[in-house]
Amino acid sequence: EDGTFLLEYLGNFTFTVKVHPPDRQWGRDGRDIPGAAQRQVATGTEGVALHHVVPAPVSGRLLAADGSPAIGLHVRALQPDRDFGDADQTNASGDFRIRRLGRGKFRAYVTVGKEEIDLGEHEAPAEGLELRLPASAR
C-alpha cells in the first residue's frame with residue numbers, strides 16, 4: 001500500500017529497479033513509458049526512492065532567426081531537478097514533440113553543427129511552443 005518493497009536472495013550483483021504506472025507495460029529499455037523511473041542498485045542498498053512522473057508533453061516549432069522552419073535539428077529538453085529529459089528531431093515544418101517530461105520547468109537545447117544552443121527555460125506541459133534560433137546559429 002505504501003509502495004515499499006524488499007527483494008531478497010538476489011546474489012551479489014547490480015540490478016536495474018524500474019517503476020511504472022500499473023496500466024502500462026515496459027518497452028525494450030523501460031524508457032518507452034512517459035514518467036517511468038529506473039535506477040541501478042547494488043545488492044544491500046537500502047532507502048532507494050523511485051518516483052513516477054506524470055507525463056507533461058511539450059510540442060512546438062523550432063524556427064531559424066529569419067522565421068523559416070529549422071529542419072532536421074534535435075531539440076532536447078532537460079529537467080535537471082528530476083535528472084530527466086527527452087528529445088525529438090524537427091520535421092520539414094520545424095515541428096517537434098517531446099513526450100517524456102514531467103510537469104514543471106525545463107530547459108530547451110538544440111544542437112547546430114557542434115554547438116549546443118540554450119533556448120531558455122520553459123514550462124511543461126506546453127502546446128504550440130515557439131523556439132527560435134539566434135542569428136549566430138549556422
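Strands are DSSP runs of E at least two residues long, numbered from the N terminus. In the predicted model described here, the chain has 9 strands and 0 helices. From the N terminus on, the order of elements is therefore β-β-β-β-β-β-β-β-β. The chain holds 138 residues, of which 33% are buried. Its exposed surface comes to about 9200 Å², and carbon and sulfur atoms supply 48% of that area. Of the contacts between residues at least 6 apart in sequence, 46% join residues at least 24 apart.

The largest pocket has a volume of about 600 Å³. It is lined by 24 residues, and those closest to its centre are Phe5, Leu6, Leu7, Thr45 and Val48. Two elements, strand E1 (14-19) and strand E2 (37-42), give two or more residues to this lining. E1 gives the most, with 4 residues. By class, the lining of the largest pocket is made up of 13 nonpolar, 8 polar and 3 charged residues.

Asn12 belongs to the segment before E1. Asn12 is classed as exposed because its relative accessibility is 69%, and the cut-off for that class is over 50%. Asn12 and Thr43 are 31 residues apart along the chain, and their C-alpha atoms are separated by 5.5 Å.

In soluble globular proteins, nonpolar side chains tend to be buried together. In this model the largest nonpolar core has 22 residues. Within that core, the residues with the most contacts are Val58, Leu62, Phe106, Val110, Leu131 and Leu133. At least two core residues come from each of E3, strand E4 (74-79), strand E6 (95-98), strand E7 (104-112), strand E8 (115-124) and strand E9 (126-132). E7 supplies the largest share of this core, 4 residues.

Val58, one of the core residues with the most contacts, was examined for its partners beyond four places in sequence. These are Phe96, Arg97, Ile98, Leu101, Phe106, Ala124, Ala126 and Leu129. Phe106 is itself among the core residues with the most contacts.

Ser59 is found in strand E3, which spans residues 58-63. Ser59 counts as buried because its relative accessibility is 17%, where the class requires a value under 20%. With neighbours within four places in sequence left aside, the contacts of Ser59 are Phe96, Arg97, Ala126, Glu127, Gly128 and Leu129. Phe96, Arg97, Ala126 and Leu129 also appear among the contacts of Val58.

Leu73 is placed in the loop between E3 and E4. A relative accessibility of 17% means that Leu73, too, counts as buried. Residues up to four places away in sequence not being counted, Leu73 touches Leu62, Asp88, Gln89, Thr90, Val110, Thr111, Val112 and Leu133. Among these partners, Leu62, Val110 and Leu133 belong to the group with the most contacts inside the largest nonpolar core. Leu73 and Thr111 are 38 residues apart in sequence, with a C-alpha to C-alpha distance of 6.7 Å.

The peptide bond from Ala124 to Pro125 is cis, with omega near 5 degrees. Pro125 lies in the loop between E8 and E9. Ala124, on the other side of this bond, is one of the residues in contact with Val58.

Two residues of the segment after E9 were also examined, Ala135 and Ser136. Ala135 counts as exposed because its relative accessibility is 59%. The C-alpha atoms of Ala135 and Ala64 are separated by 7.6 Å, and these residues are 71 apart along the chain. Ser136 is likewise exposed, with a relative accessible area of 54%. For Ser136 and Ala65, 71 residues apart along the chain, the C-alpha separation is 8.5 Å.

Note on methods. Residues are numbered from 1 along each chain as its sequence is written. This is a predicted model: local features need pLDDT of at least 70, side-chain atom pairs count only at pLDDT 80 or more; totals for chains, interfaces and linings use all residues. Side-chain values use heavy atoms; hydrogens and water are left out. On a 1 Å grid over the protein atoms alone, a cavity is a set of points where a 1.4 Å probe fits but cannot get out, and a pocket is an open set with protein on both sides within 12 Å along at least five of seven lines; lining residues have an atom within 4 Å of a point. Grid points are joined across faces, edges and corners, and a volume is the space filled by probe spheres set on the points. Ala, Val, Leu, Ile, Met, Phe, Trp, Tyr, Cys and Pro count as nonpolar, Asp, Glu, Lys and Arg as charged, and the others, Gly among them, as polar. Buried means under 20% relative accessible area, exposed over 50%, partly exposed in between (1.4 Å probe, protein chains only). Contact means heavy atoms within 4.5 Å. Accessible areas come from the Shrake-Rupley method with a 1.4 Å probe; for residues, only the protein chains shown count as cover. A nonpolar core is a set of buried Ala, Val, Leu, Ile, Met, Phe, Trp, Tyr and Cys residues joined through side-chain atoms within 4.5 Å.
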